[in-house]
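Let's take a walk through this one, a stop at a time. Keep the viewer open as you read.

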Amino acid sequence: MRFLLLTSLFFACSVAFGQTKQIASIENPIDYVKPLMGTDSKPSMSNGNVYPAIAMPWGMNFWTPQTGKMGNGWAYEYDADKLRGFKQTHQPSPWMNDYGQFAIMPITGKLVFNEDDRASWFSHKAETVKPHYYSVYLADHNVTTEITPTERAARFRFTFPETDSAYIVIDALDKGSYVKLLPKENKIIGYTTKNSGGVPDNFKNYFVIEFDTPFVSTNTFSNNKLQDVLENEADHVGAVVGFKTKKGQQVNAKVASSFISIEQAEINLKEIGNNDFDALKEAGRNIWNKELNRIKVEGGTIDQFETFYSCLYRSLLFPRKFFEYDKDGNVVHYSPYNGKVLPGYMFTDTGFWDTFRSLFPFLNLMYPELNVQMQEGLANAYKESGWLPEWASPGLRSVMVGNNSASVVADAYLKNKDANYDIETLYEAVIHGANNAGPLTAVGRAGAEYYKDLGYVPYDVDINENAARTLEYAYDDFAIYQLAKALDRPKKEIKLYKERSLNYKNLFDKETNLMRGKNKEGKFMEPFNPFKWGDAFTEGNSWHYTWSVFHDIQGLMDLMGGKDSFTAKLDEVFTLPPIFDESYYGGVIHEIREMQIANMGQYAHGNQPIQHMIYLYNYASQPWKTQYWVRETMDRMYMPTPDGYCGDEDNGQTSAWYVFSAMGFYPVCPATDEYVLGAPLFKKLTVELQNGKKVIIDAPNNSDKNRYVDQMSFNGQNYSKNFISHKALMEGAKIDFEMSSTPNKNRGTEKSDAPYSLSNE
């Protein structure tokens, strides 16, 4: 008992130390990244729903240890006991699942290849997880596996015991696969076709694996049968190669893949160059350190450093590069839309419903040059499919609502007008998507004709989540309005999209001061329960979606009766109990449960629709409430632990929210020039922009108690606005915050201090 008490006391002290001990600055932020943050998840409860991505920033291929069975979207669960393999993965989310995946697994003793038979016990105590490096001890096989990647290739290093029965299993998985052993070259080639949809009929991920050690035995397997043949093609095939090893002997493997051909996979293998394992590992570490060091934070707790850089790591993974370099160094890609190999860029594995909000604005701020390539990729997607993807993985997928590609295209151009890419084709694509229903429900605009005729998508025409669609379409029309102005389109066209962006007003119910579905004949749907999830809304309720008027908060405020009633409604989100009606789903979905247990009322930070709502106090002369709730959310909803998120991380969106908020501002309305202010988390942040300029954010007396902005200056001038402009930041800036433990209720209260709203034009 005494031992247990001492252990508990030590653990409590360690946790308190991480939460309170201040550190000044660090040199190697990669050492503070926790890729296991968010991995303690399951279908009924998401603490991130992520896997440890062992990858380069935006890499075409990721690698992950695999605890789940073949085809299980929860590929790595923190509380699992066994590993089944090490999987090359392209999975953006467990709900989307994977494509083009195959697995590698070392074993000793009896030659087995089935994923259950080959599985080994492991412990997190014998596991090292970094963005650029993974190592684990496989207890049942007495083997240590190490991985270090490039964008399209990777090195493996297996440390075996002394045995004449050391094996490495290559599992090309089911749904159609092929392997061929080339013993004279110590090489295995093959392909996997496994996918979860969104691919053409000719989809394959071709792989090549080269070993530095000769094979002493070779087998392939087909389904559950081991065969003494060098080549196999069937529904589910793989290979097993054997070695005779001394104690501590290391067997090295180089792996690369391509969506184009085996020959292109061989070209991609050259990314490794002459680097041995340790040299490649160091190169990967340097790449990550360079990117992470572009935002240097100083003066915070260890937990805050770890959380910040873990979120920054997650913000640099998606959308992934889906292009390759051919033998002449030209950029080419396999089209996940028409199955052809074509010139030019392609990116994939992102859902704009999630990521238009803060992930893409983050890329526009920090990586405008990369985002030009992403925009070129979107233009190619339109040319190859006839549509802009709203959720791509790797091709068109019918998931979520909205037409938020309009926001992604508009924000990128408006913040980087001098970039050289085909904006005219992208504008054509945006207009096409805004006025037509697509081949899938989530492509184009479901209910487009109703929306154009009535100004909303009706509740009673068998189009689900209709109010959410209407609100998002209205915002997307605003993004088109902004883009049309910038491109000097005809005045009639500009006017049309400005008028359509006001369609949010058609669903505002003055009786409840909330958004509400409306029937085709113009009457609000009945009965109305504002706590009902789904139905007229998407993964949320009316309390969440009412605030989805990103572009015209003043207009929403006017509908509600002015500032007082508006802020009272915002306050109510936090004071209401977390009650819910789950009847639309027939059960409690994980997003509901995550809101219920967060102890923040109806505020559901674990999902995207309401994540901007905290910043809306700035529009109503109460910026101190934003400052309070932003800090509360960062402190309570994020931790650098396996249960560290409060819902799905969603391809960088929930992480980018934290990164922006820690800097002290947030892009409430992409497709404008403004970021809405909160308050910085650290005593100092230095942001290195791609153009060579720096943004220095100083808050020397920042602390847990001093979370309120008492005074602020921008480039040495007193600053009372509740927003800052993108243009001003890109010119370089020095922002000074004087923080206080009590709110300054006189700062940021003038009408001119409020951020942009369309109604104020």
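Before the first stop, a bit of vocabulary: strands here are DSSP runs of E with at least two residues, numbered from the N terminus, and two of them pair if DSSP finds at least two bridges between them. Keep in mind, too, that this is a predicted model.

Now find strand β8, residues 133–138. Its neighbour on one side is β9 (residues 143–149), which runs antiparallel to β8 and is joined to it by five bridges. The two make a hairpin with four residues between the strands, and in that hairpin N142 takes a positive phi near 55 degrees. Strand β7 (residues 127–130) also pairs with β8, again in the antiparallel sense, over four bridges. That hairpin, β7 with β8, has two residues between its strands.

V136 is a handy residue for seeing how β8 ties into both partners. In β7, E127 stands opposite V136, while in β9 the bridge partner of V136 is T145. As for cover, β8 is mostly tucked away, with five of its six residues buried.

Next, move along to helix α13, residues 491–500. Which of its residues are buried? They include E493, I494, Y497 and R500. Look down the helix axis and the buried residues of α13 fall within an arc of 135 degrees, so they line one face of the helix. The face turned away from that buried side carries K491 and K492, both exposed. If you're wondering what covers the buried residues of α13, the list includes α10 (423–435), α11 (448–454) and α12 (466–486).

Time for a pocket. The second largest one has a volume of about 480 Å³. It is lined by 25 residues, and the closest to its centre are W95, V399, M400, E539 and E591. The elements that give two or more residues to this lining are α6 (352–355) and α17 (590–597). Sorted by class, the lining of the second largest pocket comes out as 10 nonpolar, eight polar and seven charged residues.

Last stop: S725, which lies in strand β37 (residues 723–725). Is S725 buried or exposed? With the cut-off for buried at under 20% relative accessible area, S725 counts as buried because its relative accessibility is 19%. Setting aside neighbours within four places in sequence, S725 is in contact with D673, E674 and Y675. For a sense of distance, try P336: this residue is 389 residues from S725 along the chain, and their C-alpha atoms are separated by 37 Å.

Methods:
Residues numbered from 1 in each chain as written. Predicted model: local features only at pLDDT ≥ 70, side-chain atom pairs only at ≥ 80, totals over all residues. Heavy atoms only, no water. 1 Å grid on protein atoms, 1.4 Å probe; cavity = no way out; pocket = protein on both sides within 12 Å on 5 of 7 lines; lining within 4 Å. Points joined across faces, edges and corners; volume = space filled by probe spheres on them. Nonpolar A, V, L, I, M, F, W, Y, C, P; charged D, E, K, R; others polar. Buried < 20%, exposed > 50% of the residue type's maximum accessible area, 1.4 Å probe, protein only. Arc of directions from axis to C-beta. Contact = heavy atoms within 4.5 Å.
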